[in-house]
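Welcome! Please work through the exercises below with the sequence and the 3D view side by side, and try each task before reading its solution.

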Amino acid sequence: QVQLAESGGGLVQAGGSLRLSCAASTRTFSNYAAGWFRQAPGKEREFVAAMSRSASNTYYADSVKGRFTASRDNAKNTVYLQLNSLKPDDTAVYYCAASDKLSYFGTSSQLQDYDYWGQGTQVTVSS
């Protein structure tokens, strides 16, 4: 069982930046593809970004492409999400997720492909 813990959320003005981190409890996090999702009040959880096991492949939602960057440090069992040029529409709880079902180079934007989830971290962007 892998446990994930996000951190780094907060309140930021529009145009600002944040860096989210997600630490995994396993020492073999390189065996897991990772994803970031978000959920705004009254809305369904939506895909933000995904990375393959080695981060050789990354995939982004159109709404964040060019502004957000996903990365990972498998030696630290941690994945990151750099959020730049933030907009009020980016306000949400951000969740990291992990999957051991995808292939080595695989990524996924589908919630059902991820078995492990963190508790979420709040990002609030003021206008």
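## Exercise 1: A salt bridge at the surface

The side chains of Asp62 and Lys65 meet in a salt bridge, with 3.1 Å from N to O. Keep in mind that this is a predicted model.

**Task.** Find out whether Asp62 is buried or exposed, and do the same for Lys65.

**Solution.**
- Step 1. The contact of 3.1 Å between N and O passes the test for a salt bridge, because the cut-off is 4 Å.
- Step 2. Asp62 has a relative accessible area of 66%, so this residue is exposed; the limit for that class is over 50%.
- Step 3. Lys65 reaches 49% relative accessibility and therefore counts as partly exposed.

## Exercise 2: A network of charges

**Task.** Work out which residues are linked with Arg38 in a network of salt bridges.

**Solution.**
- Step 1. Begin with the total: a search of the whole structure finds 5 salt bridges.
- Step 2. One of them joins Arg38 to Glu46, where the closest N and O atoms are 2.6 Å apart.
- Step 3. Another joins Asp90 to Arg38, with the closest N and O atoms 2.9 Å apart. This pair links distant parts of the chain, 52 residues apart: Asp90 sits in the loop between strand 8 (78–83) and strand 9 (92–99), while Arg38 belongs to strand 4 (residues 33–39).
- Step 4. Putting the network together, Arg38 is linked with Glu46, Arg67 and Asp90.
- Step 5. Now look at how covered these residues are. Arg38 counts as buried because its relative accessibility is 6%, and Asp90 is buried too, at 2%. Glu46, at 35%, counts as partly exposed.

## Exercise 3: The overall build

**Task.** Describe the strand pattern of the protein and explain why its radius of gyration agrees with that of a compact globule.

**Solution.**
- Step 1. Count the elements: there are 0 helices and 11 strands. Along the sequence this reads β-β-β-β-β-β-β-β-β-β-β.
- Step 2. For 127 residues, a compact globule would have a radius of gyration near 14 Å; the protein has 13 Å, so the two agree.
- Step 3. For the outline, the C-alpha atoms fill a box of roughly 40 × 25 × 25 Å along the principal axes.
- Step 4. Next, check the inside: 46% of the 127 residues count as buried.
- Step 5. Then turn to the contacts with a separation of 6 or more. Residues 24 or more positions apart account for 60% of these.
- Step 6. Finish with the outside. The accessible surface comes to about 6300 Å², and 44% of that belongs to carbon and sulfur atoms.

## Exercise 4: Two loop residues and their contacts

**Task.** Locate Ser54 and Gly8, then list what each one touches beyond its neighbours in sequence.

**Solution.**
- Step 1. Ser54 is found in the loop between strand 5 (46–51) and strand 6 (58–60). At 33% relative accessibility, Ser54 counts as partly exposed.
- Step 2. Leaving aside neighbours within four places in sequence, Ser54 is in contact with Arg72, Asn74 and Tyr104. The C-alpha atoms of Ser54 and Arg72 are separated by 8.0 Å, and the two residues are 18 residues apart along the chain.
- Step 3. Gly8 is placed in the loop between strand 1 (4–7) and strand 2 (10–13). With a relative accessible area of 35%, Gly8 is partly exposed.
- Step 4. Not counting residues up to four places away in sequence, Gly8 touches Leu18, Arg19, Leu20 and Thr121.

## Exercise 5: Positive phi angles

**Task.** Take Asn77 and Ser85, and say what their phi angles are and where the two residues lie.

**Solution.**
- Step 1. Start from the general rule: most residues other than glycine have a negative phi.
- Step 2. Asn77 is not a glycine, yet has a positive phi of about 55°. Asn77 lies in the loop between strand 7 (68–73) and strand 8, and is buried, with a relative accessible area of 12%.
- Step 3. Ser85 is not a glycine either, and has a positive phi of about 50°. The loop between strand 8 and strand 9 holds Ser85, which counts as partly exposed at 41% relative accessibility.

Technical notes: Residues are numbered from 1 along each chain as its sequence is written. This is a predicted model: local features need pLDDT of at least 70, side-chain atom pairs count only at pLDDT 80 or more; totals for chains, interfaces and linings use all residues. Side-chain values use heavy atoms; hydrogens and water are left out. Buried means under 20% relative accessible area, exposed over 50%, partly exposed in between (1.4 Å probe, protein chains only). Helices (H or I, at least four residues) and strands (E, at least two) are DSSP runs, numbered from the N terminus. The radius of gyration is taken over C-alpha atoms; the globule rule is 2.2 Å times the number of residues to the power 0.38. Contact means heavy atoms within 4.5 Å. Accessible areas come from the Shrake-Rupley method with a 1.4 Å probe; for residues, only the protein chains shown count as cover.
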